[in-house]
Amino acid sequence: MLSEMFSKKWDFAAHRGTSFRPALEKLRGAVGPFISYPFLVLGMALLYLTSPYAGAQGPAERMTTPTSSVQTETPEERPAFTDATESLGIRFQYLASHTSRKYLIETMGSGVALFDYDNDGRLDIFVVNGAPLDDPTPKGTIPQKKSAKEWNRLYHQKLDGTFEDVTIKAGLQGAGYGMGVAAGDYDNDGFEDLYVTAYGGNRLYHNNGDGTFTDVTQRANVAGDGWSTSAAWIDLDGDGLLDLVVLRYMQWDFDDVWCGERKEGHRAYCHPDAFPAIAPLVYHNDGNGHFTEVAKKLGLAQPGKGLGIAFADYDRDGRIDLFFANDSMPEFLYHNKGGQFEEVALSAGVAVDGEGHSYAGMGVDFADYNNDGLPDLLVTALASQMYAVYRNRGDGTFAYESYPSGIGRVSMKHSGWGVRFIDFDNDGRKDLLITQGHDLDTIEMTSPELRYKEPNLLVKNTGKDFVDVSSQAGEVFQRVWVGRGLAIGDIDNDGRLDAVVTTNDGGLHILKNETRTKNHWITLRLRGHKSNRDGIGAEIKLVTGNGAQWTTVTTASSYLSSSDKRAHFGLGNETIAQQIEILWPSGIRQSLKNIRADQTLNIEEPSSQ
Ligand SMILES: [Ca+2]
Ligand SMILES: [Ca+2]
Ligand SMILES: [Ca+2]
Ligand SMILES: [Ca+2]
């Protein structure tokens, strides 16, 4: 009870720039974790009474207790996604160049972005492609694209909802063996720019606003080297300019290493343990088109095996924190101390699983699934490891809840990559969409109960637990792919979140959400002025008669991919959002009242509170 009160009050007490954490840490250091709670709760309660939130609808109950506002699914409501790729005019094939040498790079790609590059209000798609590999490929090789079939692709969504390939006009054919992509307007000119990661050097493309992009990598100083994976745009120091965090997988080269049985057809991709970890690249945006690498300076240079990145202010101290999903070693949670970061995953309870084991952390999302105002974590992993669910307790620590949440049961035999919490049925509770498929194409020989190709996973958040609803959600969830990237966004602007999925050495798939529901929704497109133009890092609280929901504006999370920056909320049967509170990265707070449902709202950052 006490901890429940604590976690509820924590949100109400949160003010950007006002940190309660040092006080908490001091108290804990002095008197231990349990004795400090009453003091803290008392303080929080006082703050609550003087807070602008006092008297507002309280947050919904946590996952483990049934909520009073649960809406039972009526017979006519049914989850449904269809594969609309071909009918929308997209034919893409990812070239992974699998070889007999089983270079690890072949099985990891690739990523996809959903973003609106021409500001016509319709989401466009950018997909990353590989490059040809020789068999064997000499050590030290940086693979290069040689023909159009290896190009990255930009697809523009036309007025009628179909897509046209505009890669050549845009100048986005790319270079090298691509991995991931991150969209963000780094120069605040109103046009989304693209950062594309690869093995052997990354590229930054400035969006010129006329349908063309310019490769500004050298001038911007953001090429990096080694094997880059997921990247995220986020303003780390609050100067209104998006900085860039680029994860790297490992110290790796085209060495001819045999892993798996020394038997014809049994050679396998090597375990990450065979390669040393490596630090990420963190680029500070200097504001003049130039970036400076600051990973070490910011305390973010701990070597890892980074595959997925997500961010949220988990301890509600007003500063965005970072989570790096590492493969087969402890995960990293970087607490933002204001200018410096401290890696706290172990003490926060998110470094390992419930039994203290590390696992193959791949994709990640950092979002509040139980509507208590505290961002939670989901990290995908390989089959027989379970996806990790970490529920934010509100005291700077997380509870490993893969079993009680139901995620353990639905993920035990699967290997997950891209993941996002999405409220696909607009009932006000964040569900989950996950791309799946093993990294080893030999897995069925060594583990006959597991599968290399797997269907995507759709998991419904019932308010009590997570339930696998894939089998009811359409034929597309019966199809088996080597799923990798996943980006989320409302592609047809009908109020239902759609998805784009990439597959290793396979096609790109548009999953159109055709869920039948009478539920209402609101989508918010933020435009920052003092803050970064995208509003990335803004925290939004939306209150309806059913309770409150929270989200952090981001294009990151998932795996190698970049999602629509617009914030989407399902409103259930409510037709009005009584209140929308936005905490901009600048610290400016904005409050909107009685907003009509079923619309996309453009929100400008006010010049002051
Ligand atoms: Ca567009
Ligand atoms: Ca721009
Ligand atoms: Ca924080
Ligand atoms: Ca839902």
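**Exercise 1. In the open sheet of three strands, determine the strand order, the edge strands and the sense of each pairing.**

Solution. In this predicted model, the open sheet of three strands is ordered β34-β31-β37, and its pairing is mixed. The edge strands, each of which pairs on one side only, are β34 (567-572) and β37 (599-604). From one strand to the next the twist averages 25°.

The mixed character can then be resolved pair by pair. Strand β31, which covers residues 520-527, pairs with β37 in the parallel sense over six bridges, and R527 has E604 as its bridge partner in β37. With β34, on the other hand, β31 pairs in the antiparallel sense over five bridges, and here H520 stands opposite G572 of β34. As background, strands of a sheet pair through backbone hydrogen bonds, in either a parallel or an antiparallel sense.

**Exercise 2. Decide whether the residues of the edge strand β34 are buried or exposed, and sort them by the direction in which they point.**

Solution. Begin with the two directions: A567, F569 and L571 point one way from β34, while H568, G570 and G572 point the other way. In a regular strand, side chains alternate between the two faces of the sheet. Next comes burial, and the residues of both sets are buried. Because six of the six residues of β34 are buried, the strand is largely enclosed by the rest of the structure, even though β34 is an edge strand that pairs on one side only.

**Exercise 3. Describe the open sheet of four strands and find a residue pair that links β7 to β8.**

Solution. The strands of this sheet follow the order β6-β7-β8-β9, with antiparallel pairing. Its edges are formed by β6 (177-184) and β9 (213-215), each of which pairs on one side only. On average, and with direction ignored, neighbouring strands of the sheet are turned by 25° against each other. Strand β7 (residues 193-199) and strand β8 (residues 203-207) run antiparallel and are joined by three bridges; the required pair is found where L194 stands opposite Y205 in β8.

**Exercise 4. Identify the residues with the most contacts inside the largest nonpolar core, and trace the neighbourhood of F311.**

Solution. At the level of the whole chain, 57% of the 609 residues count as buried, and the chain contains eight helices and 37 strands. Of the contacts in the chain with a separation of 6 or more, 62% are between residues 24 or more positions apart. The largest nonpolar core has 161 residues, and the ones with the most contacts inside it are V112, F126, V181, F311, F323 and A388. In soluble globular proteins, nonpolar side chains tend to be buried together.

For F311, neighbours within four places in sequence are set aside, after which its contacts are A232, I234, I320, D321, L322, F323, F366, T554 and A556. One of these, F323, also belongs to the list of core residues with the most contacts.

**Exercise 5. Locate T137, assign its exposure class and find what it touches.**

Solution. T137 lies in the loop between β3 (124-127) and β4 (153-157). Because T137 has 19 C-beta neighbours inside 10 Å, and 20 or more would be needed for a residue to be buried, T137 counts as partly exposed. Leaving aside neighbours within four places in sequence, T137 is in contact with Y103 and F254. The C-alpha atoms of T137 and D253 are separated by 9.8 Å, although these residues lie 116 residues apart along the chain. This loop between β3 and β4 also holds P136, which is joined to D135 by a cis peptide bond with omega about 5°.

**Exercise 6. Place the cis bond from G109 to S110 and the positive phi values of S97 and N371 in their loops, and compare the burial of S97 and N371.**

Solution. The peptide bond from G109 to S110 is cis, with omega near 5°, and S110 is located in the loop between β1 (81-83) and β2 (112-115). S97 also lies in the loop between β1 and β2; its phi is near 60°, a positive value in a residue other than glycine. N371, likewise not a glycine, has a positive phi of about 55° and lies in the loop between β20 (364-367) and β21 (376-379).

The exposure classes follow from the neighbour counts: S97 is partly exposed, with 18 other C-beta atoms within 10 Å, whereas N371 is buried, with 23 other C-beta atoms within 10 Å.

Technical notes
Residues numbered from 1 in each chain as written. Chains lettered and ligands numbered in written order. Predicted model: local features only at pLDDT ≥ 70, side-chain atom pairs only at ≥ 80, totals over all residues. Pairing = 2+ DSSP bridges. Axes fitted to C-alpha atoms, helices over the stretch in contact; angles between N-to-C directions. Core = buried A, V, L, I, M, F, W, Y, C linked by C-beta atoms within 7 Å. Buried ≥ 20, exposed ≤ 12 C-beta atoms within 10 Å, placed from the backbone. Contact = placed C-beta atoms within 7 Å.
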